[in-house]
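Me: I should like to learn how to read the contacts in a model of protein chains with DNA strands. May we go through them one feature at a time?

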2 protein chains.
Amino acid sequence: MGPIRSMLSKSDVTEQQWRVLRVVEEEGPIEPTRIADQACLLLPSLTRILQKLEEKQLIVRERDKVDRRKQVVQIAPAGAELIAANLAASVELMNGVRDRMGPDRYEALLDLLNELDGIDDSSR
Amino acid sequence: MGPIRSMLSKSDVTEQQWRVLRVVEEEGPIEPTRIADQACLLLPSLTRILQKLEEKQLIVRERDKVDRRKQVVQIAPAGAELIAANLAASVELMNGVRDRMGPDRYEALLDLLNELDGIDDSSR
DNA sequence: CCGCTTTGCTAAACATGTTAATTAAATTAC
DNA sequence: GTAATTTAATTAACATGTTTAGCAAAGCGG
């Protein structure tokens, strides 16, 4: 089990749940379509993950008052605590990967992946 | 749906099934642990994929005669035909991605991903 | 020769990715 | 004002990734 996954399993969240929580905590209140975009997830996958996070009482969902097609998602106190408890360690693990690879090469990898992503999109 | 996935769905195989078929066709007769290694798949995932390919009669599996823990996997005639029917088109699609990105950048991306993979392995 | 360890593969269970379809709500066009 | 279209989210179904556990077979050490 990877180091981040192992750390998160102690707080009973998966990597994808963590990524979604991070987006909600940093940019909330936020709508699901925007979370999906930010977290690079398809909506059906996100819906299921949000349902799990709601069940675990880490987020709160409510209907938008102006446009009732939409939802507003916010972090719950328990979710904020979980992030506070794990953020430093997860940043450190990511920094460890970046340092072992070398910051320049790490950035180059991210750039190339984004470029590939752009190629995928434009060929559809 | 991505171009390769779309093409393959006409032959009723998924991308992962295709990748496994390719390994079996190129390196068969071959054992599952080696397929898993070559195709970057975990064994339980591979076992299920092989079961599907066997069900579709695209491969044949039999017990190794010397070491009965092991299996030998071979391409079946229908599997060879499916590969023959799709190989040129899939290579062309991959070449299209490489050309749009530029061969140097494409190779750089593969190198950096392999390097990252090495970092993952050594930190466990 | 026997008990223990290792290896190869499978099964179960859960999470997530994906596609297609559906429902409800808003917008647009006439 | 109404019908058609678009948008936001969900559901269903299937495939696959992952972890854990289990079983059978082979290898190793004493």
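Me: Which side-chain atom of chain B lies 2.8 Å from a phosphate oxygen of DNA strand C?

Reply: Please bear in mind that this is a predicted model. The atom is an N or O atom in the side chain of B:Gln51, 2.8 Å from a phosphate oxygen of DNA strand C. Chain A also reaches a phosphate of this strand, through a polar backbone atom of A:Val66 that is 3.5 Å from a phosphate oxygen. A base is approached as well: an N or O atom in the side chain of A:Arg48 is 2.7 Å from a base nitrogen of DNA strand C.

Me: Which elements give two or more residues to the surface near DNA strand C?

Reply: They are helix H2 (15–27) and H4 of chain A, together with helix H3 (32–39) and H4 of chain B. Of the 27 residues around the strand, those that come nearest are A:Thr14, A:Gln16, A:Ser45, A:Arg48 and B:Thr47. By class, the surface near DNA strand C has nine nonpolar, eight polar and ten charged residues.

Me: What share of the atoms of DNA strand C within 4 Å of the protein belongs to sugar or phosphate?

Reply: The share is 70%, and the rest of those atoms belong to bases. For DNA strand D, likewise, 70% of the atoms within 4 Å of the protein are sugar or phosphate atoms, with bases supplying the rest.

Me: Which residues come nearest to DNA strand D?

Reply: Of the 27 residues around DNA strand D, they are A:Thr47, A:Arg61, B:Thr14, B:Gln16 and B:Ser45. Two of them can be examined at the level of atoms. A polar side-chain atom of A:Thr47 is 2.6 Å from a phosphate oxygen of the strand, and one of A:Arg61 is 2.7 Å from a phosphate oxygen. On the base side, B:Arg48 has a side-chain N or O atom 2.8 Å from a base nitrogen of DNA strand D. Helix H3 (32–39) and helix H4 (43–55) of chain A, with helix H2 (15–27) and helix H4 (43–55) of chain B, each give two or more residues to the surface near this strand.

Me: How is the contact between the two protein chains described?

Reply: The size of an interface is often given as the accessible area lost when the parts come together. Here chain B and chain A bury about 1600 Å² between them, with 69% of it on carbon and sulfur atoms. B:Met101, B:Leu112 and B:Ile119 supply 32% of the area that chain B buries against chain A, more than any other three residues. The contact takes 14 residues from each of the two, chain B and chain A.

Me: How many salt bridges are there between chain B and chain A?

Reply: The count is two. In one of them, A:Arg105 pairs with B:Glu115, the closest N and O atoms being 2.5 Å apart. On the side of chain B that touches chain A, helix H5 (77–101) and helix H6 (103–122) of chain B each give two or more residues. The largest share, eight residues, comes from H6(B).

Me: What rotation superposes chain B on chain A?

Reply: A rotation of 180° with 0.0 Å of shift along its axis does so, at an RMSD of 0.0 Å. The two copies are therefore related as by a two-fold rotation axis. B:Leu109 is the residue of chain B that comes closest to the rotation axis, its C-alpha being at 3.1 Å. Moreover, 100% of the interface residues of chain B are also interface residues in chain A, so the copies meet through the same surface.

Note on methods: Residues numbered from 1 in each chain as written. Chains lettered and ligands numbered in written order. Predicted model: local features only at pLDDT ≥ 70, side-chain atom pairs only at ≥ 80, totals over all residues. Heavy atoms only, no water. Contact = heavy atoms within 4.5 Å. Buried area = accessible area lost by both parts, 1.4 Å probe. Salt bridge = Lys/Arg side-chain N within 4 Å of Asp/Glu carboxyl O. Helix = DSSP H or I, 4+ residues; strand = E, 2+ residues; numbered from the N terminus. Near = heavy atom within 4 Å. Polar contact = N/O pair within 3.5 Å; in protein donor to acceptor, adjacent residues only side chain to side chain. Least-squares fit on C-alpha atoms with pLDDT ≥ 70 in both. Nonpolar A, V, L, I, M, F, W, Y, C, P; charged D, E, K, R; others polar.
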